[in-house]
Every structure is written in structure tokens, then in C-alpha cells.
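Here are my notes for you to read with the structure open beside them. Take the points one at a time and find each residue as you go.

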Amino acid sequence: MHHGTANTQLNLPNWLDTASRNHPDRLALEFGAERWTFSELRQRVEVAAMTLANFLIGGGALNSRLVTRLRQKEGISYAAQSVLQAQSLDRFSLFVALAIYAPQNVERVLNAMREEMDKVRTEGFTQQEVDAAKSGYLQLRSQSRANDNELVGTLVNRRFAGRTM
């Protein structure tokens, strides 16, 4: 389905983007005691997408883009990872990519990291990568809930934000 002169496709992400721009403070979703405006819903959707992208880039063990490229393919890094810090009460998030490498490999590591990040920006992820990441991320979250320290941290953070599990 197409509408308007820009011939843009009408789909859920486009609809949410338009609704959050045109009606940011209008109620979009209500469940239990939670009430989210279109702006809040869009922010949560973006954080979920960024969380999965981080997992694909370097947040998920040995099959992430950075580890695969730097350690397994080129052998120029001992370890690599990415970290996303996105808290529900913060207006901004932080994304960091890092690697541990021998000093003589600094240029190769930096170039490879730039190339991988450019690929993410220009090509995105394959459906196969996304499906594997969803499964891996859900497994990781399930395992973290079995860890007492992780569970206590989650409970404290949610209580601070005024949320329950």
C-alpha cells in the first residue's frame, strides 16, 4: 500500500514514526497500570532495536560481528565486544565498541571495526542473523534471571524506575 507523494510504504515502523511525530503525547498503549504515549512507545521500540543490534555487533559471545571479524577471521584481537547502556529514565544512551589487541595491530583493528560498523549502517543485518540473535538474546536473559546477583540488580533498577516485573 502506498500513500502520499513520497510513495512511502505503510507499515508498522512508518506508522509509529508518523504517530509519534504528529501525536507525541497522545496515549498509544495501556496495559495494567502502565500507560505509554506514542513518544514513549517509539522510544521503547528504538531501545529494543538498539539492544538487538548491540547483541549482533558485539554484545553476544563468540558469534557477534566484531568477534567473528577481529578474532576468528583475521586473528588480530584477543577479545572484542560492544556495550549498550540505555536506561529507561535517561534521555540518552551510550554505545561503546572495544577490542583487546597487540599494539602492532592497532590500525588493522581500528580499520576492521570501522568497516564492520559501516556495514551495519549501510547493509543492516540478515534475517538469519536477526533470528539467531533473538534466540541467543532470549536465552541469555533467561539465564541471567537464574543468577541471584543479576536478578537483584534487575529488581532494584525496575523499582527505582517505578516498575514491577
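1. Before we start, a word on what "helix" and "strand" stand for here: helices (H or I, at least four residues) and strands (E, at least two) are DSSP runs, numbered from the N terminus. With that in hand, you can place Gln143, which sits in helix α5. Keep in mind throughout that this is a predicted model.

2. Now the overall picture. The chain has 6 helices and 6 strands. Walk along from the N terminus and the elements come in the order β-β-α-β-β-α-α-β-β-α-α-α. The C-alpha trace spans about 55 × 50 × 25 Å along its principal axes. Of the 165 residues, 22% count as buried. Take the contacts between residues at least 6 apart in sequence, and you'll find that 40% of them join residues at least 24 apart.

3. Back to Gln143. Is this residue buried or exposed, or partly exposed? Its relative accessibility is 48%, so Gln143 counts as partly exposed, the range between the 20% and 50% cut-offs. For a sense of distance, try Gly153: from Gln143 you move 10 residues along the sequence, and the two C-alpha atoms are 14 Å apart in space.

4. Next, look at Ala80, which lies in strand β5 (residues 79-85). Its relative accessible area is 13%, so Ala80 is buried, as that value is under 20%. Which residues does Ala80 touch, once those up to four places away in sequence are set aside? They are Gly58, Leu66, Val67, Leu70, Leu98 and Ala99. Pick out Leu98 from that list: it is 18 residues from Ala80 along the chain, yet their C-alpha atoms are separated by 5.6 Å.

5. Trp36 makes a good companion case. You'll find it in strand β4 (residues 34-37). With a relative accessible area of 15%, Trp36 is buried too, because the value is under 20%. Leaving out residues up to four places away in sequence, Trp36 touches Arg26, Leu27, Ala28, Leu29, Phe31, Leu41 and Arg44. Now jump to Thr68, which is 32 residues from Trp36 in sequence: C-alpha to C-alpha, the pair is 38 Å apart.

6. Val47 is in helix α2. At 25% relative accessibility it counts as partly exposed, because 25% is not under the 20% cut-off for buried. Val47 and Leu84 are 37 residues apart in sequence, while their C-alpha atoms are 9.5 Å apart in space.

7. Let's see how two helices meet. The axes of α3 and α4 come within 10 Å and cross at roughly 150°, and the crossing is right-handed. On the α3 side the contact is made by Arg65, Leu66, Arg69 and Leu70, and on the α4 side by Val109, Ala112, Met113, Glu115, Glu116, Lys119 and Val120. Sorted by class, this contact has 6 nonpolar residues, 5 charged ones and no polar ones. You've met Leu66 and Leu70 before: both are among the residues that Ala80 touches.

8. Time to look for empty space. Rolling a probe the size of a water molecule over the atoms shows where such space is left. How many cavities of 30 Å³ or more does a search of the whole structure find? The search finds 1, and the volume of the largest cavity is about 30 Å³. Its lining is made up of Arg141, Ser144, Arg145, Glu150, Leu151 and Thr154. Two elements, α5 (127-145) and α6 (148-160), give two or more residues each to that lining. By class, you get 1 nonpolar, 2 polar and 3 charged residues.

9. Finally, a pocket. The second largest pocket holds about 260 Å³ of space. It is lined by 15 residues, and those nearest its centre are Asn63, Ser64, Arg65, Thr68 and Glu129. Helices α2 (38-59), α3 (65-73), α4 (106-123) and α5 each supply at least two residues of the lining. The lining has 4 nonpolar, 5 polar and 6 charged residues. Notice that Arg65, one of the residues nearest the pocket's centre, also takes part in the contact of α3 with α4.

Terms used. Residues numbered from 1 in each chain as written. Predicted model: local features only at pLDDT ≥ 70, side-chain atom pairs only at ≥ 80, totals over all residues. Heavy atoms only, no water. Buried < 20%, exposed > 50% of the residue type's maximum accessible area, 1.4 Å probe, protein only. Contact = heavy atoms within 4.5 Å. 1 Å grid on protein atoms, 1.4 Å probe; cavity = no way out; pocket = protein on both sides within 12 Å on 5 of 7 lines; lining within 4 Å. Points joined across faces, edges and corners; volume = space filled by probe spheres on them. Nonpolar A, V, L, I, M, F, W, Y, C, P; charged D, E, K, R; others polar. Axes fitted to C-alpha atoms, helices over the stretch in contact; angles between N-to-C directions. Left-handed = near helix turned anticlockwise from the far one by under 90°.
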